[in-house]
Amino acid sequence: MSKKSVIGENRDISLAIDLIKLGARLQVLESETKLSYERLLKLYKEVTGKSPSKGMLPFSTDWFMSWQPNMHSSLFMNIYENLSKSCEIDEIDAIIKAYELYVEQVKSLGMEPIVSITRAWRLVKFTDAGMVTLSTCKKCTGAFVNHSFEIDDDYVCGLCAPPPRAGKVSRKKESADMDA
C-alpha cells in the first residue's frame, strides 16, 4: 500500500481548483489528478456551486480543422509550444498558462474565446498521440493545426486563403447590433 502525501494531495486539489475555475470538465480533472471521482465532484460543486456537465469529451480532430476553430486552436497551440520549449514546466501547467494567455489575447482583440480549456487539453493530447500537428503555411510561414496525415508541402492557412463565407456570420450580427 502506497503512502498518501499531503503535499501531493494539496497540489492535486490546487490543480483541480485552477482547472475548475477555467471551466474544465470532470474527465479532465480525473485524468490530471489522483483525486477520487467523489472528491472531485464535491470540489467541483464547492467551487462552482453547481453540478458538472455530463456527457463525453469531444473526441474528433475535425472540430479543430474548420476555419474559425482552427485559427483559435492554432493560436493556443503556438503559445503552448512556445511555453513548453522555453521553460521547464509540467504539461498540465503549460496547458493552463497557455490557455490563460490565449484567452487574454483573444479578449484583447474584443473577441470571445472559442477554444475551451477542455478542448485545449484534448488538442494537446491529440498532438501527443500524433493525430494532429502544426503545419507551416507556405505564404505567411505561420504554424497552424492540421491533421498529421495530411501532405502539407503546399499548405496554405485559413488566414491566407479564408473560405468564401468566413466572417459573414459576425458581419450579419454586427449589422443587427447596429440596427438595434
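# A tour from helix H4 outward

Select H4, residues 67-86. H4 has 20 residues and runs 29 Å from its first C-alpha to its last, close to the 28 Å expected at 1.5 Å a residue. Keep in mind that this is a predicted model.

**Stop 1: the buried side of H4.** Which residues of H4 are buried? Colour Pro69, Asn70, Met71, His72, Ser73, Ser74, Phe76, Met77, Ile79, Tyr80 and Leu83. Now show what they pack against: H5, H6, strand E1 (132-136) and strand E2 (143-147).

**Stop 2: His72.** Stay in helix H4 and centre on His72. Is His72 buried or exposed? Its relative accessible area is 6%, so His72 is buried. Show its contacts, leaving out residues up to four places away in sequence. You should find Tyr102, Val106, Met111, Glu112, Pro113, Ile114 and Val115.

**Stop 3: the whole chain.** Zoom out. The chain holds seven helices and two strands. Follow the sequence and the order reads α-α-α-α-α-α-β-β-α. The C-alpha trace spans about 60 × 45 × 30 Å along its principal axes. Of the 180 residues in the chain, 33% are buried. Turn to contacts between residues at least 6 apart in sequence: 53% of them join residues at least 24 apart.

**Stop 4: the largest nonpolar core.** In soluble globular proteins, nonpolar side chains tend to be buried together. Here the largest nonpolar core has 37 residues. Select Leu19, Leu29, Phe76, Tyr80, Ile95 and Tyr102, the members with the most contacts inside this core. Six helices to display next are H1 (6-22), H2 (26-32), H3 (37-48), H4 (67-86), H5 (91-108) and H6 (117-128); each supplies at least two residues of the core. Which helix gives the most? H5 does, with nine residues.

**Stop 5: Leu29.** Pick Leu29, one of the core residues with the most contacts. Set aside its neighbours within four places in sequence. Leu29 then touches Ala16, Leu19, Ile20, Ala24, Leu40 and Tyr44. Apart from the largest core lies another one, of five residues. Cys137, Phe144, Tyr155 and Cys157 are among its members.

**Stop 6: the cysteines.** Show the cysteine sulfurs. How many disulfides are there? The count is zero. Start with Cys140. Its closest cysteine sulfur is in Cys137, 3.7 Å away, which is too far for a bond, because a disulfide needs the two sulfur atoms within 2.5 Å. Cys140 is partly exposed, at 38% relative accessible area. Move to Cys157. Cys157 is in no disulfide either, and the nearest cysteine sulfur, in Cys160, is 3.6 Å away. Is Cys157 buried or exposed? With a relative accessibility of 1%, Cys157 counts as buried.

**Stop 7: Thr141.** Select the loop between E1 and E2, and in it Thr141. Check the backbone: phi is near 65°, a positive value in a residue other than glycine. Thr141 counts as exposed, at 59% relative accessibility.

**Stop 8: the second largest pocket.** Turn on the pocket surfaces. The second largest pocket has a volume of about 210 Å³. Which residues line this pocket? Select Lys4, Ser5, Gly8, Glu9, Asp12, Lys34, Leu35, Ser36 and Arg39. H1 provides the largest share of the lining, three residues.

**Stop 9: two distances to draw.** Begin with Lys21, in helix H1. Lys21 is exposed, with 63% relative accessibility. Draw a C-alpha line from Lys21 to Ile117: the two are 96 residues apart in sequence and 10.0 Å apart in space.

Then go to Ala129, in the loop between H6 and E1. Ala129 counts as exposed, at 55% relative accessibility. Draw the second line from Ala129 to Ser53. Their C-alpha atoms are separated by 26 Å, with their positions 76 residues apart along the chain.

Notes
Residues numbered from 1 in each chain as written. Predicted model: local features only at pLDDT ≥ 70, side-chain atom pairs only at ≥ 80, totals over all residues. Heavy atoms only, no water. Buried < 20%, exposed > 50% of the residue type's maximum accessible area, 1.4 Å probe, protein only. Core = buried A, V, L, I, M, F, W, Y, C linked by side-chain atoms within 4.5 Å. Helix = DSSP H or I, 4+ residues; strand = E, 2+ residues; numbered from the N terminus. Contact = heavy atoms within 4.5 Å. Expected span 1.5 Å × (residues − 1). 1 Å grid on protein atoms, 1.4 Å probe; cavity = no way out; pocket = protein on both sides within 12 Å on 5 of 7 lines; lining within 4 Å. Points joined across faces, edges and corners; volume = space filled by probe spheres on them.
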